[in-house]
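Me: I am new to this one. Please show it to me, then let me ask how each label is earned.

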Amino acid sequence: MAAARCKKCNNIIIRKATACRYCGERIEKISFPSAGRVLLFVLMPIAVFLLISRIEWVRQTNDEIRKIDNQVVQYVLHQYEMVKEQGDPYKICHQASIVRATYFEVNDVTNYRKWKKIEKSDCKRSQLH
Ligand SMILES: [Zn+2]
């Protein structure tokens, strides 16, 4: 049987008792939180915290990926401009296909389609040479 201590005389008494059998002090019923409540009040904040952390982590990671994607796109576009200045039609065709492939990699459908056309005309020009 579960035991408790009397608040007044500090003797060990049966938890169920309504009064202390040593000093007669009335024992107030102590309600213990149920397992469900413990879960709710302890685990819920943890779960919420983990969920928020995860959302924040995913958001930051997506931002980082977008930044890197953008840098890669800027880089290949710059390379294309350089190659275009040099005027070698084979290199222009090749670089256009790299730009097209890069837009495909970063899921930029609009620019992918646009560069597919540029690649096609650049490569057609290189074949005419
Ligand atoms: Zn007592």
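Reply: Start with a term: a residue is buried if 20 or more other C-beta atoms, placed from the backbone, lie within 10 Å of its own. A nonpolar core is a set of buried Ala, Val, Leu, Ile, Met, Phe, Trp, Tyr and Cys residues joined through C-beta atoms within 7 Å. This is a predicted model: local features need pLDDT of at least 70, side-chain atom pairs count only at pLDDT 80 or more, and totals for chains, interfaces and linings use all residues. Numbering starts from 1 along each chain as its sequence is written.

Me: What makes up the largest nonpolar core?
Reply: Eight residues: Tyr80, Val83, Ile92, Cys93, Ala96, Val99, Tyr103 and Trp115. Helix H2 (89–105) and H1 each supply at least two. H2 gives the largest share, five residues.

Me: How do you know that H1 spans what a helix should?
Reply: The expected span is 1.5 Å times one less than the number of residues. For the 52 residues of H1 (residues 35–86) that is 76 Å; the end C-alpha atoms are 74 Å apart, so the two agree.

Me: Where is the kink in H1?
Reply: At leucine 43, shortly before proline 45, and it is about 35 degrees. The bend is the angle between axes fitted to the seven residues ending there and the seven starting there.

Me: Why is the protein chain called more spread out than a compact globule?
Reply: The globule rule is 2.2 Å times the number of residues to the power 0.38, and the radius of gyration is taken over C-alpha atoms. For 129 residues the rule gives 14 Å; the chain has 36 Å, well over that, so the name fits.

Definitions and conventions:
Helices (H or I, at least four residues) and strands (E, at least two) are DSSP runs, numbered from the N terminus. A residue is buried if 20 or more other C-beta atoms lie within 10 Å of its own, exposed if 12 or fewer, and partly exposed in between; C-beta atoms are placed from the backbone.
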